[in-house]
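Open the model in your viewer and keep a selection box ready. Each stop says what to pick and what to look for.

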Amino acid sequence: MRLEATTYERASILLVDDMEDNLIALEAVLGSLNEPLVRARSGEEAMKALLRQQFALVLLDVRMPGMDGFETAANIKRLDQTKDVPIIFLTGADDDSGYAFRGYATGAADYLTKPFDPWVLRAKVTVFLDLHRKNQQLERLHGELSRRLAELEEEFTGEHPPDLERLRAQVRELRHLVPRNHPA
């Protein structure tokens, strides 16, 4: 019995931009991925959304009134709950060339200029969605292995000598949890 996703897991994407046209464009490009797309019109709205639900990825505009993209990213990376959520910065092509450096320094995983190539954006987002699913699968596997190892440990610490046949069967089950194509 391998511990794999039995159903396709949907992964939410947070779209953060103060301009309605930009949000519509992002939804048009990413709609075909069939993943939940959540809008935020400001850094403040983005932080509230991130605290309410889990996201696989944040697409974040750099220039917004109030809390700009850099400040929003810094806040995202500061919180334990959200620090591992990847961020792709989106900014206008005419923006300062130092923005890219500042974006990466703030914790961005990637940086794209507008107007962006829809195929490139969709491909990058797909990679991050795949990584998100693999991380979730690894977390489930880790939990299952921890639980099973605790059961084995109980067998050894009990008052009676362990049943060797039962232990062998449990070890065989543990081996089936780890995919063969990965080094053990």
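Colour this predicted model by pLDDT. The chain averages 86, and 90% of its residues reach 70 or more. Select E1 for the highest mean among the elements, 98. Then select helix H6, residues 164-177, for the lowest, 75. Now pick residues 1-7, where pLDDT stays under 50. The model has 15 contacts beyond four places in sequence for this stretch. Where pLDDT is low, the predicted coordinates should not be read in detail.

**Whole chain**

Switch to cartoon. You should count six helices and five strands. Walk along the sequence and the pattern reads β-α-β-α-β-α-β-α-β-α-α. Of the 184 residues of the chain, 40% count as buried. Take the contacts with a separation of 6 or more: 64% of them join residues 24 or more positions apart.

**The sheet**

Select the strands. In what order do the five strands form the open sheet? The order is E2-E1-E3-E4-E5, with parallel pairing. Strand E2 (37-40) and strand E5 (110-114) are the edges, and each pairs on one side only. Neighbouring strands are turned by 20° against each other on average, direction ignored.

Zoom in on strand E4, residues 87-92. Five bridges join E4 to E5, and the two run parallel. Show Thr 91 and find Thr 113 of E5 opposite.

**Helices on the sheet**

Add helix H1, residues 20-30. H1 packs on the sheet and touches strand E1 (13-16), E2, strand E3 (57-61), E4 and E5. The direction of H1 makes about 170° with that of E2.

Next, add helix H3, residues 69-78. H3 lies across E3 and E4. The angle between H3 and E4 is about 175°.

**Salt bridges**

Show charged side chains as sticks. Side chains of opposite charge can pair when their charged atoms come close. The structure holds 10 salt bridges. Visit three of the pairs.

Start with Asp 17 and Lys 114, which meet at 3.0 Å, N to O. Asp 17 sits in the loop between E1 and H1, and Lys 114 in strand E5. These partners are 97 residues apart, so the pair links distant parts of the chain. Are the two residues buried or exposed? Asp 17 has 1% relative accessibility, so this residue counts as buried. Lys 114, at 16%, counts as buried because the cut-off is under 20%.

Move to Arg 39 and Glu 27. Their side chains meet at 2.7 Å, N to O. Arg 39 belongs to strand E2 and Glu 27 to helix H1, so this salt bridge ties together parts 12 residues apart in sequence. Arg 39 is partly exposed at 30% relative accessibility. Glu 27 is partly exposed too, with a relative accessible area of 26%.

Now select Asp 110 and Lys 124. The closest N and O atoms of this salt bridge are 2.6 Å apart. Asp 110 is in strand E5, and Lys 124 is in helix H5, residues 118-157, so the pair ties together parts 14 residues apart in sequence. Asp 110 counts as buried at 11% relative accessibility. Lys 124 counts as partly exposed at 25%.

One more selection here: Glu 20, Glu 27, Arg 39 and Arg 41. Salt bridges that share partners join these four into one network.

**Nonpolar cores**

Hide the charged groups. In soluble globular proteins, nonpolar side chains tend to be buried together. Select Leu 14, Val 16, Leu 50, Val 58, Leu 60 and Phe 89. These have the most contacts inside the largest nonpolar core, a set of 21 residues. E1, helix H2 (43-52), E3, H3 and E4 each supply at least two residues of this core. Which element gives the largest share? H2 does, with four residues.

Centre on Phe 89. Beyond its neighbours within four places in sequence, Phe 89 contacts several residues, including Leu 60, Phe 70, Ala 73, Asp 110, Tyr 111 and Leu 112. Asp 110 is the residue that you saw paired with Lys 124.

Last stop: pick Leu 30, Phe 116, Leu 121 and Val 125. They are among the members of a second, separate core of 19 residues.

Note on methods:
Residues are numbered from 1 along each chain as its sequence is written. This is a predicted model: local features need pLDDT of at least 70, side-chain atom pairs count only at pLDDT 80 or more; totals for chains, interfaces and linings use all residues. Side-chain values use heavy atoms; hydrogens and water are left out. Two strands pair if DSSP finds at least two bridges between them. Axes are lines fitted to C-alpha atoms, for helices over the stretch in contact, and angles run from 0 to 180 degrees between N-to-C directions. Contact means heavy atoms within 4.5 Å. Buried means under 20% relative accessible area, exposed over 50%, partly exposed in between (1.4 Å probe, protein chains only). A nonpolar core is a set of buried Ala, Val, Leu, Ile, Met, Phe, Trp, Tyr and Cys residues joined through side-chain atoms within 4.5 Å. pLDDT is the predictor's confidence in each residue, from 0 to 100.
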